[in-house]
Structure formats: C-alpha cells, structure tokens
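Student: I should like a close look at a single part of this structure, namely the packing of its helices and the sheet beside them. Please give one connected account.

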Amino acid sequence: MKTYPYDAPIMSTDNRIATQMNIEYAKARIPADLTRTERLAVEENIKQLLKEHNAVLVAHYYVDPFIQDLALATGGCVGDSLEMARFGQAHSAQTLIVAGVRFMGESAKILSMEKTVLMPDLEAECSLDLGCPADEFSAFCDVHPERTVVVYANTSAAVKARADWVVTSSVGIDIVRHLHAQGEPIIWGPDRHLGKYFAQETGADMLLWQGSCLVHNEFKATELIQLKEEHPDAKVLVHPESPDNVVDLADVVGSTSKLLKSTYELDADTFIVATDLGILHEMQKRSPNKRFLAAPTAGESASCKSCAFCPWMAMNGLKGIEQCLSQRSGEILMTPELAAGAKKPLQRMLDFAEAQKQRVAASGDIVKDRALFANVGAA
C-alpha cells in the first residue's frame with residue numbers, strides 16, 4: 001500500500017476562517033422548537049402541500065427526527081446520501097424536497113434536471129464541501145494528470161464535474177478497490193480520514209486532499225476507550241470519516257446505512273455510536289429495547305462531551321419545509337453544462353452500485369449460487 005496523505009495542500013487559513021464563520025452562522029439559524037400543537041399543524045399542512053405540488057420529501061438520517069418521521073409517513077425517503085440520490089432519481093414526483101445539506105440538493109438536481117428541487121434552507125452547507133474549493137482542488141488535480149480523480153459526494157457540483165468518479169461512504173470502498181485492481185493511482189478528496197481508511201483497506205495508491213468533517217473529526221479515542229471500559233459488552237460503531245485511532249476501536253466501520261443495519265443484526269444490547277447524533281433516532285425506532293450511547297467528543301480541542309451534531313443539518317426545520325413548498329423558495333438552480341459535467345461521475349457511481357447489487361443477488365439455482373454462500377455458517 002502506498003499513500004501520500006500530506007502531498008495534498010492543507011486547507012488555507014482563509015478557508016478555515018470562512019468555515020468557522022459558516023459554523024457560527026449555521027448555529028444561529030437553527031430553527032426554534034415548535035410546541036406540539038404548532039408542530040402537528042405544520043405537519044398536516046406539509047402533507048397537504050406535498051399532494052398539491054406532486055412533491056416528495058427526501059431526508060437524511062442526520063436531520064430532525066420529526067422531519068425523518070414525516071418523510072416516511074408521506075411516502076418519502078430517509079437514508080444516507082446514496083439512498084437519497086437513488087430515491088430522488090427514481091421517484092415520479094416532479095418536485096423533490098431535500099432535507100439535508102446543499103450538496104445533497106445539488107446531487108438531486110444533477111440527476112433530475114427536469115424536476116424542481118427545493119430545500120428548507122439553501123445555506124445549509126457542509127464542512128467538507130467548504131473545505132474543498134473547486135479552483136484549488138482542480139489545480140491540485142492538474143499537477144497529477146496521471147491519476148484518476150475520485151471525490152466524496154460531500155462536494156460541490158463544480159468539484160464533481162472535475163472528477164472521474166463520485167462516491168459515497170457506502171459504495172466508495174468497492175469503487176476504490178475496483179480502480180486499484182485496474183492499476184489506477186487515485187487522487188481522493190476531500191475527507192482525509194475516509195481516504196486513509198479506503199487506502200488501508202484496499203492497498204490503493206492514493207493522494208489525499210486534507211479535508212475533514214467537523215462532526216466526525218472531533219471523536220476522541222482516549223474518551224472512547226474510557227466509555228468502552230464502562231460498557232464492556234457494548235459494540236462500537238464508527239463512521240470512517242472519524243480519525244484512524246477511533247476507527248481502530250470499532251467493531252463495525254461503515255456508512256450510516258451499514259451502522260444502522262448492524263444495530264439489529266448484531267447480538268448486542270448496547271451500542272456506542274460514533275457518527276452524527278441524528279442517526280440514533282432511527283436506531284432506537286428499529287431496536288426499541290436496545291441502548292445507544294453517543295461516542296464522546298471530549299478531550300483536547302473539543303468543547304463538550306457527545307456534542308456530535310452537524311449545525312448545518314440542524315438548520316432543516318418543519319417550518320422551512322412548509323415555506324419552501326408554499327412559496328416555492330429554496331430552489332436549487334444549475335446550468336445544463338455544469339449538471340452534465342457533474343452527472344457523468346455521479347451516474348457512474350449509481351451504475352456501479354446497481355451492478356454490485358445484481359452480482360450478489362441469488363438466482364435461485366443452488367449450484368450456480370454456491371459461491372455466494374461459501375462463507376455463510378449455520379443460521
């Protein structure tokens with residue numbers, strides 16, 4: 001395995017300052033809590049507006065639990081960014097309401113230019129996106145033209161358009177492994193922790209852009225070890241955007257969907273979860289008799305314990321959804337040229353993911369399918 005984690009430029013001081021300013025701005029824009037009466041009234045109005053506008057609500061696991069529940073109750077989707085992209089592209093609704101962060105709305109628009117894509121707050125950003133400006137990343141890629149450019153979905157449409165592949169955490173490792181098998185060296189951006197994890201797991205030759213997620217970067221191994229000692233039977237679930245010394249402590253490493261799945265497949269009653277706190281809502285719904293503990297973020301450079309939440313995700317509110325439906329506000333707009341450039345690597349990921357699903361699907365022929373189950377033990 002060859003990796004070059006420090007060949008990519010560190011995010012400039014100006015970008016760091018801009019990101020910090022955006023964090024404080026995001027915190028200031030988190031919607032106020034609604035009373036139960038207010039919430040129920042807004043939810044009923046949203047349901048009616050969704051029908052009137054032939055719209056569907058697509059939400060990420062990290063947004064407000066009430067939004068997640070409303071999406072499911074109205075025939076929408078709650079998932080990770082790959083599931084959101086698939087759902088929005090396949091659904092017949094002419095308007096997509098995307099409750100998440102801006103790159104998710106952009107991805108929906110890229111794949112469905114004929115549809116209207118609205119967001120509760122267009123200023124809901126992502127630290128990975130902000131930390132990977134298209135001009136700086138493109139210049140870095142130009143220095144290494146022999147490398148295949150693979151970018152995480154948490155990037156702008158302009159960065160996607162510069163890439164050969166767009167990936168999510170759920171399918172990224174398979175794509176990196178595929179490219180490595182083809183002998184292709186890779187430029188990876190923007191999350192350095194996720195890139196390092198993929199490189200270690202696959203042996204791929206990767207240059208890593210030095211970005212990080214403000215949520216996952218704050219998990220602390222020393223505090224996690226202490227929590228594990230207090231709960232020795234707990235399984236530790238870690239998103240690979242976390243630092244490698246946190247990943248090393250995990251029983252399961254993977255995307256939000258993989259972590260969620262493990263909570264009802266593993267034989268354990270207690271889980272320590274190292275990703276955004278928003279996922280705990282769905283975990284608890286699916287396994288109401290199990291206990292879920294937020295992984296600690298306390299320690300050097302952290303200001304609180306278990307404060308793992310994205311302030312930009314928290315900007316999504318029910319009133320914002322109601323407003324974008326009633327006023328047709330918060331629309332994602334994009335030139336056809338940019339969308340076409342960004343769609344190629346994004347669609348390549350979706351096609352690869354679909355092919356992967358088909359390859360592992362059983363045909364019903366026990367002899368033909370024998371290899372699929374070679375490592376499966378007794379039920």
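**Helix packing and the open sheet**

Tutor: The crossing of α9 and α10 is right-handed. In this predicted model, the axes of α9 (residues 172-181) and α10 (residues 192-202) come within 10 Å and cross at roughly 50°. The two helices, α9 and α10, are therefore oblique to each other. On the α9 side, the contact is made by Gly-172, Ile-173, Val-176, Arg-177 and His-180; α10 contributes Tyr-197, Phe-198, Glu-201 and Thr-202. Sorted by class, this contact of α9 with α10 comprises four nonpolar, three polar and two charged residues. The spacing of such positions follows a general rule: an α-helix has 3.6 residues a turn, so residues three or four places apart point the same way.

A second helix pair is formed by α4 (81-90) and α5 (residues 102-111). These helices, α4 and α5, pack at an angle of about 35°, their axes lying 9 Å apart, and their crossing is right-handed. Here Ser-81, Met-84, Ala-85 and Gln-89 of α4 meet Phe-103, Met-104 and Leu-111 of α5. By class, the contact of α4 with α5 has five nonpolar residues, two polar ones and no charged residues.

Helix α4 also leads to the sheet, through α13. In α13 (residues 256-265), the buried residues are Thr-256, Ser-257, Leu-259, Leu-260, Ser-262 and Thr-263. These buried residues of α13 pack against α4, against the strands β10, β11, β12 and β13, and against α14.

The sheet itself is open and consists of four strands in the order β11-β10-β12-β13, with parallel pairing. Strands β11 (252-253) and β13 (291-294) stand at the edges with a single partner strand each, so one side of each is left without a neighbour in the sheet. For β11, that partner is β10 (residues 235-238), and the two pair in the parallel sense over two bridges. At one of these positions, Leu-237 has Val-252 in β11 as its bridge partner.

Helix α14 (residues 279-286) lies across β10, β12 (270-274) and β13. With respect to β13, α14 runs at about 170°. Both α14 and β13 are also among the elements against which the buried residues of α13 pack.

Definitions and conventions. Residues are numbered from 1 along each chain as its sequence is written. This is a predicted model: local features need pLDDT of at least 70, side-chain atom pairs count only at pLDDT 80 or more; totals for chains, interfaces and linings use all residues. Side-chain values use heavy atoms; hydrogens and water are left out. Two strands pair if DSSP finds at least two bridges between them. Contact means heavy atoms within 4.5 Å. Axes are lines fitted to C-alpha atoms, for helices over the stretch in contact, and angles run from 0 to 180 degrees between N-to-C directions. Angles under 35 degrees count as roughly parallel, over 145 as roughly antiparallel, 65 to 115 as roughly perpendicular and the rest as oblique. A crossing is left-handed if the near helix is turned anticlockwise from the far one by less than a right angle, and right-handed if clockwise. Ala, Val, Leu, Ile, Met, Phe, Trp, Tyr, Cys and Pro count as nonpolar, Asp, Glu, Lys and Arg as charged, and the others, Gly among them, as polar. Buried means under 20% relative accessible area, exposed over 50%, partly exposed in between (1.4 Å probe, protein chains only).
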